[in-house]
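Biologist: I am new to this structure and would like a close look at a single part of it. Please take one strand, follow its partners, and then turn to the aromatic rings.

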Amino acid sequence: WDKDPQGERFRWTRGRGSFFVPSDATTITLKFRSYKPFPPNPIKVHVSADDRWLATITLPDPLQPDPRHWVLATLPLPRQAVSRHFRRIDVRVRHWMESFYLGVHMGEVVIERPPHEPPR
């Protein structure tokens with residue numbers, strides 16, 4: 001993890017990356033920003049869950065074009081019966097800082113899960 005001057009934790013993406021969420025997760029909130037002032041616009045971030053497309057997120061946000069501004073995307077996860085304990089989330093982005101093979105900043109992921117009932 002890196003930290004920006006405000007202390008916000010982030011990781012640089014590359015062309016693609018994956019992370020895992022619990023299989024009972026209902027939504028995920030992702031944070032992205034292009035960070036540098038002159039990337040090719042727009043930058044498209046493609047998100048999928050278990051190889052199924054969830055969303056395409058555009059950076060920077062046209063309503064807030066400052067590349068230092070985080071773009072938040074809350075994505076509902078498809079409700080499907082899975083026998084695994086985790087689901088794979090894939091992030092794909094065309095990296096534009098070619099000499100460094102970097103893409104965009106990705107902040108910490110927020111995962112929402114249904115409340116668990118206490119044992120009876």
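Modeller: A residue counts as buried when its relative accessible area is under 20%, as exposed when the value is over 50%, and as partly exposed in between. The model discussed here is predicted.

The strand to follow is β5, which covers residues 43-49. Five of the seven residues in β5 are buried, so by that cut-off the strand is mostly covered. β5 belongs to an open sheet of four strands, and the order across this sheet is β3-β8-β5-β6. The pairing in the sheet is antiparallel. At the edges lie β3, residues 16-22, and β6, residues 52-59, each of which pairs on one side only. Averaged over the sheet, and with direction ignored, neighbouring strands are turned by 20° against each other.

In that order β5 stands between β8 and β6. Take the β8 side to begin with. β8 spans residues 86-93, runs antiparallel to β5 and is joined to it by five bridges. Two places along this pairing can be found by residue: H46 is opposite R92 in β8, and S48 is opposite D90 in β8.

On the other side, seven bridges link β5 to β6, and these two strands are also antiparallel. Here A49 of the pairing faces R52 in β6 as its opposite residue. The two strands make a hairpin, with two residues between them. D50 lies in that turn and has a positive phi of about 50°. As a general point for reading the sheet, side chains in a regular strand alternate between its two faces.

Now the rings. The structure holds one aromatic pair. Its members are F10 and W12, with 6.4 Å from centre to centre and 80° between the planes, an edge-to-face arrangement. The two residues fall into separate classes of accessibility. F10 has a relative accessible area of 6%, and because this is under 20%, F10 is buried. W12 has a relative accessibility of 24%, so W12 counts as partly exposed.

Two further rings have a charge over them. R9 lies over the face of W1, at 4.4 Å from the ring centre. The ring of W70 has the charged end of K31 over it, 4.8 Å from the centre of that ring.

To return to the strand asked about: β5 has five bridges to β8 and seven to β6, and five of its seven residues are buried.

Definitions and conventions:
Residues numbered from 1 in each chain as written. Predicted model: local features only at pLDDT ≥ 70, side-chain atom pairs only at ≥ 80, totals over all residues. Heavy atoms only, no water. Pairing = 2+ DSSP bridges. Axes fitted to C-alpha atoms, helices over the stretch in contact; angles between N-to-C directions. Buried < 20%, exposed > 50% of the residue type's maximum accessible area, 1.4 Å probe, protein only. Phe/Tyr/Trp six-rings, centres within 6.5 Å; stacked < 30°, edge-to-face > 60°. Lys NZ or Arg CZ within 6 Å of the ring centre and 35° of its normal.
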